[in-house]
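This report introduces a protein model to a reader who has not met it before. The sequence and the structure are shown first, and the description follows.

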Amino acid sequence: MRGALVAGLAAVLAGPLPAQEAEPAPPVVSLQSAVVTLDRNRLFEETRLGQAILARIDSASNDLIAENRRLEAALEAEERLLTERRATLPTAQFRELAQEFDSRVEELRVTQEAKSRALTRQRDTEQQRFLEASAPVLADLMQDLGAVAIIDRSVVVLSFDRFDITAQAIARLDTELGDGTDLAPAPESEPEPGQADVPLPVPVQP
């Protein structure tokens with residue numbers, strides 16, 4: 001029975017998680033109901049585990065932004081130097097240097113875009129990991145409440161707040177899972193072809 005509930009919850013929770021502002025915590029469910037509701041966005045954003053995941057993703061995103069800015073500054077400096085040398089270089093030599101520069105710019109663009117896509121995949125993987133870890137805890141909570149189903153609050157047309165179990169679910173997940181320190185680490189995503197690091201461009205020396 002519990003296995004079926006876990007599988008069913010995993011399927012329900014596996015849908016998209018559109019961004020929305022967190023709502024104030026509703027009153028704790030005081031009456032048993034066959035069907036209860038859950039705000040999945042709040043569950044992800046307000047649990048310790050979800051917040052730890054978001055912090056890791058934000059840190060990696062900020063690192064990538066900083067790296068892109070460093071690369072952009074280095075490329076701009078090299079381009080200026082190459083432009084300044086144009087008048088002193090033979091046409092064929094300048095054309096060769098310019099083509100080599102353009103090739104490295106394109107390689108860097110492809111590499112950085114691949115890193116951005118990898119970060120998006122990492123976020124999706126971490127969210128799925130969160131949902132899988134949450135499912136058995138939510139199944140236990142549902143059984144404790146005497147409910148037979150949990151419905152995503154975003155698809156409910158009308159309901160009483162007393163049947164929303166988001167606050168209870170957050171508290172239960174924080175107790176059972178904490179910040180995820182004891183969970184198995186998320187698998188690392190495989191790098192895409194052409195995703196190898198490209199060295200920082202070095203300005204052409206006269």
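A residue counts as buried when its relative accessible area is under 20%, as exposed when that area is over 50%, and as partly exposed in between. K115 has a relative accessibility of 17% and therefore counts as buried. The model described here is a predicted one.

## Overall architecture

The secondary structure of the protein chain consists of five helices and two strands. Along the sequence, these elements follow the pattern α-β-α-α-α-β-α. The chain has 206 residues, of which 35% count as buried. Its accessible surface is about 12,300 Å², and carbon and sulfur atoms contribute 55% of this. Among contacts in the protein chain with a separation of 6 or more, 84% are between residues 24 or more positions apart.

## Nonpolar cores

In soluble globular proteins, nonpolar side chains tend to be buried together. The largest nonpolar core of this model has 23 residues, and the members touching the most others are L38, L43, F130, I150 and I165. Two or more residues of this core come from each of strand 1 (35-38), helix 2 (40-46), helix 3 (48-85), helix 4 (91-145) and helix 5 (166-177). Helix 4 gives the most, with eight residues.

The surroundings of F130 can be listed by name. Leaving aside residues up to four places away in sequence, F130 touches L43, F44, T47, L49, G50, I53 and L173. A second core, separate from the largest one, has eight residues, including L89, F94, A98 and F101.

## Helix 5

The buried residues of helix 5 are T166, Q168, A169, I170, L173 and L177. They pack against strand 1, helix 2, helix 3 and helix 4. Does the length of helix 5 agree or disagree with 1.5 Å a residue? Its twelve residues should span 16 Å at that rate, and its end C-alpha atoms are 16 Å apart, so the two values agree. Just after helix 5, G178 adopts a positive phi of about 60°.

## Helix 3 against helix 4

L64 belongs to helix 3. With a relative accessible area of 13%, L64 is buried. Not counting residues up to four places away in sequence, L64 touches Q112, K115 and S116. L64 and Q112 are 48 residues apart in sequence, while their C-alpha atoms are 8.1 Å apart in space.

K115 also takes part in a salt bridge, with E67 as its partner. This pair links distant parts of the chain, since K115 is in helix 4 and E67 in helix 3, 48 residues apart. K115 is buried at 17% relative accessibility, whereas E67, at 24% relative accessible area, is partly exposed.

## Salt bridges

A search of the whole structure finds eleven salt bridges. Three of the pairs are set out below.

| Pair | Closest N and O atoms |
|---|---|
| D152 and R40 | 2.7 Å |
| K115 and E67 | 3.0 Å |
| E106 and R109 | 2.3 Å |

Which parts of the chain does the salt bridge of D152 and R40 tie together? D152 lies in strand 2 and R40 in helix 2, so the pair joins parts that are 112 residues apart in sequence. D152 is buried at 11% relative accessibility, and R40 is buried with a relative accessible area of 9%.

The pair E106 and R109 lies within helix 4, where the two residues are three places apart and thus separated by about one helical turn. An α-helix has 3.6 residues a turn, so residues three or four places apart point the same way. E106 is partly exposed at 38% relative accessibility, and R109 is partly exposed at 37%. In addition, salt bridges with shared partners join R56, E126 and R129 into one network.

## A nonpolar patch on the surface

Nonpolar residues also occur at the surface, where V35, V148, I151 and V155 form a patch. Together these residues have about 330 Å² of accessible area. One of them, I151, is found in strand 2, which covers residues 149-152. I151 counts as partly exposed, with a relative accessibility of 33%.

Conventions: Residues are numbered from 1 along each chain as its sequence is written. This is a predicted model: local features need pLDDT of at least 70, side-chain atom pairs count only at pLDDT 80 or more; totals for chains, interfaces and linings use all residues. Side-chain values use heavy atoms; hydrogens and water are left out. Patches are made of residues with over 30% relative accessible area and no salt bridge: like charges are joined within 9 Å, nonpolar side chains (Val, Leu, Ile, Met, Phe, Trp, Tyr) within 5 Å. Accessible areas come from the Shrake-Rupley method with a 1.4 Å probe; for residues, only the protein chains shown count as cover. A salt bridge is a side-chain nitrogen of Lys or Arg within 4 Å of a carboxyl oxygen of Asp or Glu. Helices (H or I, at least four residues) and strands (E, at least two) are DSSP runs, numbered from the N terminus. Buried means under 20% relative accessible area, exposed over 50%, partly exposed in between (1.4 Å probe, protein chains only). A nonpolar core is a set of buried Ala, Val, Leu, Ile, Met, Phe, Trp, Tyr and Cys residues joined through side-chain atoms within 4.5 Å. Contact means heavy atoms within 4.5 Å. The expected span of a helix is 1.5 Å times one less than its number of residues.
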